[in-house]
Amino acid sequence: MELEKIELYNFRNYKSASISFDSGLNVVCGENAQGKTNLLEAIYFCVVGKSFRATREREVINMQSDIAKIKVFIKKNVGKSIIEIIFSRKEKKTVKIDGIPIKRLSGLLGEFNGVFFAPDELKLIKESPEDRRRFMDIDISQTTKQYVYILSRYNEILANRNKQLKQNISRHDLENIISIWDEQLADYVQKIKKYRQNFVISLLPYAKKAHEFITDGKEDLHVEYVGIKEDTKEEIINKLKTNLEKDITLGYTTYGVHRDDIKVTINDIDVRSYGSQGQQRTAALSLKLAELSIIEEITHTRPVLLLDDVLSELDDSRKKRLLEYCQGTQTFITCTAFNYPDIKCNKIEIKNGEWSKI
Ligand SMILES: Nc1ncnc2c1ncn2[C@@H]1O[C@H](COP(=O)(O)OP(=O)(O)OP(=O)(O)O)[C@@H](O)[C@H]1O
Ligand SMILES: [Mg+2]
């Protein structure tokens, strides 16, 4: 998969721009506040149909305009396609593939695959398990539609169970009602665990390889699914039963896949608690690079890679190794300065929403 060209009209600080890219490394240089992240935002918009930063989508329309447009030209394994997104202040945005509007954003799935990484992604390692669950869920959903349904049913039943726990009814009635929820919940717990476990297992070799490459063999990364121990439906139901007393006291369900996590270690040391800033960043990056390979394995085409501001916190050796690692992938990387004369790349300078080749 390759992004050949992007056209922007009144998108953020771009008035009108048409930028062509190389199939390898594309370096987007410029001072602060010139439009580098805006460009990646526009590209990634066409991957997922959403912004990675705008809370209100209208934000992306240039302040002096009422309409904005992104148009990307994609070369696929076989054939080409054009994705177009039109924003208006008055109406909902329109997404078109080859000129035909799509009804749901899910219609974009598989049309243009990409992985995005920004400094903020460090939370994948640093913050709460919720961020790591989201990472698993988003990835599994991208390739397994069934999973989206399973996960939403699980959350629904869990919410009902939690509501029930707070009701003031007799213990006998409560146990009866809860046992019905548990019967259903256990099915989904079992399925979600399997999906997540398999996901982490398939992620591991790719993440290890990427990390080993970037650190030049100095660090050994390991990722592991940390979740419930129980596998069979009976075991899960029993565990829910054993925990009921505690659940009633606390007013919520204490056992289930909503508490899953991924443990990330480097040379057997927990990165979240003991990793340095650079190690955490490298680990998060390796997980994202692994994501790229997983999508490639399933879709048989390499997604594009979008790296916003990642060079700033890595040491020189890691920076260089990362850039080398990206050679086989169409990559868009933003930075304020790029001084690697021996790295082959297409260098673009962005200045106040306008671009030039350097
Ligand atoms: N809707 C909009 N209309 C006009 N300008 C906008 C709009 N939204 C954002 N901008 C402007 O775009 C500029 C560039 O933003 P961007 O985040 O792309 O900068 P950047 O080049 O990534 O900078 P940095 O190096 O600081 O990350 C900002 O000055 C911002 O004010
Ligand atoms: Mg930026």
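**Figure 1. Residue shell around ligand 1 in the predicted model.** The shell comprises four nonpolar, nine polar and three charged residues. Of the 16 residues surrounding ligand 1, those that come nearest are Asn32, Ala33, Lys36, Thr37 and Asn38.

**Figure 2. The kink in helix H5 and the residue that follows the helix.** Helix H5 spans residues 171-214 and bends by about 35° at Leu204. The proline Pro205 comes shortly after this kink. Beyond the helix, Asp216 adopts a positive phi, near 55°.

**Figure 3. The open sheet S9-S10-S11.** Three strands form this sheet, and their pairing is antiparallel. Its edges are strand S9 (221-226) and strand S11 (269-270), each of which pairs on one side only. Strands of a sheet are paired through hydrogen bonds of the backbone, in either a parallel or an antiparallel manner.

**Figure 4. Pairing of strands S9 and S10.** S9 and strand S10 (residues 261-266) run antiparallel and are joined by six bridges. Within this pairing, Leu221 lies opposite Ile266 of S10.

**Figure 5. The protein chain as the setting of the close-up views.** The chain contains ten helices and 15 strands. Its radius of gyration is 23 Å, close to the 21 Å given by the globule rule for 358 residues, so the chain is as compact as a globular protein of that length. Along the principal axes, the C-alpha atoms fill a box of roughly 75 × 55 × 35 Å. Of the 358 residues, 35% are buried. Among contacts with a separation of 6 or more, 72% are between residues 24 or more positions apart.

Note on methods: Residues are numbered from 1 along each chain as its sequence is written. Chains are lettered from A and ligands numbered from 1 in the order in which they are written. This is a predicted model: local features need pLDDT of at least 70, side-chain atom pairs count only at pLDDT 80 or more; totals for chains, interfaces and linings use all residues. Helices (H or I, at least four residues) and strands (E, at least two) are DSSP runs, numbered from the N terminus. The radius of gyration is taken over C-alpha atoms; the globule rule is 2.2 Å times the number of residues to the power 0.38. A residue is buried if 20 or more other C-beta atoms lie within 10 Å of its own, exposed if 12 or fewer, and partly exposed in between; C-beta atoms are placed from the backbone. Two residues are in contact if their C-beta atoms, placed from the backbone, lie within 7 Å. The bend at a residue is the angle between axes fitted to the seven residues ending there and the seven starting there. A residue is near a molecule or strand if its C-beta atom, placed from the backbone, lies within 6 Å of it. Ala, Val, Leu, Ile, Met, Phe, Trp, Tyr, Cys and Pro count as nonpolar, Asp, Glu, Lys and Arg as charged, and the others, Gly among them, as polar. Two strands pair if DSSP finds at least two bridges between them.
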